[in-house]
Amino acid sequence: MIYSKEVEEMCTVAQGVHHGCAPIPEEAKWVQAKKVEDISGLTHGVGWCAPQQGACKLTLNVKEGIIQEALVETIGCSGMTHSAAMASEILPGLTVMEALNTDLVCDAINTAMRELFLQIVYGRTQSAFSEEGLPIGAGLEDLGKGLRSQVGTMYGTLKKGPRYLEMAEGYVTGIALDKNDETERDGRIAACLGES
């Protein structure tokens with residue numbers, strides 16, 4: 001290690017009391033995380049690419065520093081699905097440090113990984129106060145029985161009004177209109193005759 005002349009000429013001052021890093025909550029325990037292996041938790045994060053053309057929601061389940069489960073959900077960019085496929089292969093088995101410094105191909109997925117890393121190492125995970133955390137498979141359970149991301153796709157123009165394309169329940173094939181050609185006030189989606 002090289003020191004500058006100014007530092008070499010300084011007198012030594014003892015550091016004094018040092019209690020170590022502040023503990024963070026992890027799976028219902030307070031942990032002084034000093035090594036990658038000290039990190040555990042399940043958490044979600046969202047990332048976006050530089051042109052903000054697409055977004056990624058990433059869910060990781062980390063046990064003793066190793067990613068055991070990764071759920072990669074993307075929207076808005078056709079190329080992201082291929083990157084998500086690669087990320088779902090790459091992430092399990094890596095430490096959170098390795099994952100942070102791994103090229104996950106898509107900038108939105110990389111940004112999501114950065115956001116998750118911050119949550120994980122600062123003890124802000126979803127499972128921070130859950131005893132023994134959440135089991136491997138908890139990320140998949142987020143998708144529900146359909147094993148499908150919850151997607152909402154709505155479109156509207158001033159000239160022609162709104163079009164409800166896809167909601168959590170699936171594709172919308174028609175909307176019910178009242179006598180004024182307005183969508184129903186109570187939000188029900190029903191089959192209708194004519195243009196959707």
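Is valine 105 buried, partly exposed or exposed? I looked that up to start with, and at 45% relative accessibility valine 105 counts as partly exposed. I should jot down early that this is a predicted model.

**Entry 1, backbone oddities**

I stayed with valine 105 for a moment. It sits in the loop between helix 3 (96-100) and helix 4 (107-121). Its phi is positive, about 70 degrees, although valine 105 is not a glycine.

I then pulled up alanine 28, another non-glycine with a positive phi, here about 65 degrees. Alanine 28 belongs to the loop between strand 1 (24-26) and strand 2 (29-31). Its relative accessibility is 39%, so I put alanine 28 down as partly exposed.

**Entry 2, salt bridges**

How many salt bridges does a search of the whole structure find? I got 6, and I went through some of them.

I began with lysine 5 and glutamate 9, whose side chains meet in a salt bridge at 2.6 Å, N to O. Both lysine 5 and glutamate 9 are exposed.

Next I checked glutamate 115 and arginine 114, where the side chains meet at 2.7 Å, N to O. Glutamate 115 comes out at 23% relative accessibility, which means partly exposed, given that buried requires under 20%. Arginine 114 is partly exposed too, at 39%.

Then I turned to lysine 57 and glutamate 73, with 3.3 Å between the closest N and O atoms of their salt bridge. Lysine 57 is in strand 4 and glutamate 73 in strand 5, so this pair ties together parts that are 16 residues apart in sequence. On accessibility, I noted 30% for lysine 57, which is partly exposed. Glutamate 73 has a relative accessible area of 12%, so I filed it as buried.

**Entry 3, the largest pocket**

Glutamate 73 turned up again when I went looking for pockets. Which residues lie nearest the centre of the largest pocket? I wrote down Glu73, Thr74, Ser149, Gln150 and Val151, out of 14 lining residues. Strand 4 (55-63) and strand 5 (66-75) are the elements that give two or more residues to that lining. For the volume of the largest pocket I have about 270 Å³.

I also sorted the lining by residue type. The split is 6 nonpolar, 3 polar and 5 charged.

**Entry 4, a nonpolar patch**

Back on the surface, I looked for nonpolar patches. I found one of about 510 Å², made by Met1, Tyr3, Val7 and Met10. I followed up valine 7, which is found in helix 1 (residues 5-8). Why is valine 7 counted as partly exposed? Its relative accessibility is 37%, and partly exposed is what lies between under 20% for buried and over 50% for exposed. Patch members need over 30% relative accessible area, and valine 7 has 37%.

**Entry 5, a long-range contact**

Last, I checked a pair set apart along the chain. How far apart in space are glycine 41 and threonine 125, C-alpha to C-alpha? I have 5.8 Å, with their positions 84 residues apart in sequence counted as separation. Glycine 41 is in strand 3 (residues 41-48). Its relative accessible area is 0%, so glycine 41 goes down as buried.

How values were computed:
Residues numbered from 1 in each chain as written. Predicted model: local features only at pLDDT ≥ 70, side-chain atom pairs only at ≥ 80, totals over all residues. Heavy atoms only, no water. 1 Å grid on protein atoms, 1.4 Å probe; cavity = no way out; pocket = protein on both sides within 12 Å on 5 of 7 lines; lining within 4 Å. Points joined across faces, edges and corners; volume = space filled by probe spheres on them. Helix = DSSP H or I, 4+ residues; strand = E, 2+ residues; numbered from the N terminus. Nonpolar A, V, L, I, M, F, W, Y, C, P; charged D, E, K, R; others polar. Patch = residues over 30% accessible without salt bridge, like charges linked within 9 Å, V, L, I, M, F, W, Y side chains within 5 Å. Areas by Shrake-Rupley, 256 points an atom, 1.4 Å probe, with all protein chains shown as cover. Buried < 20%, exposed > 50% of the residue type's maximum accessible area, 1.4 Å probe, protein only.
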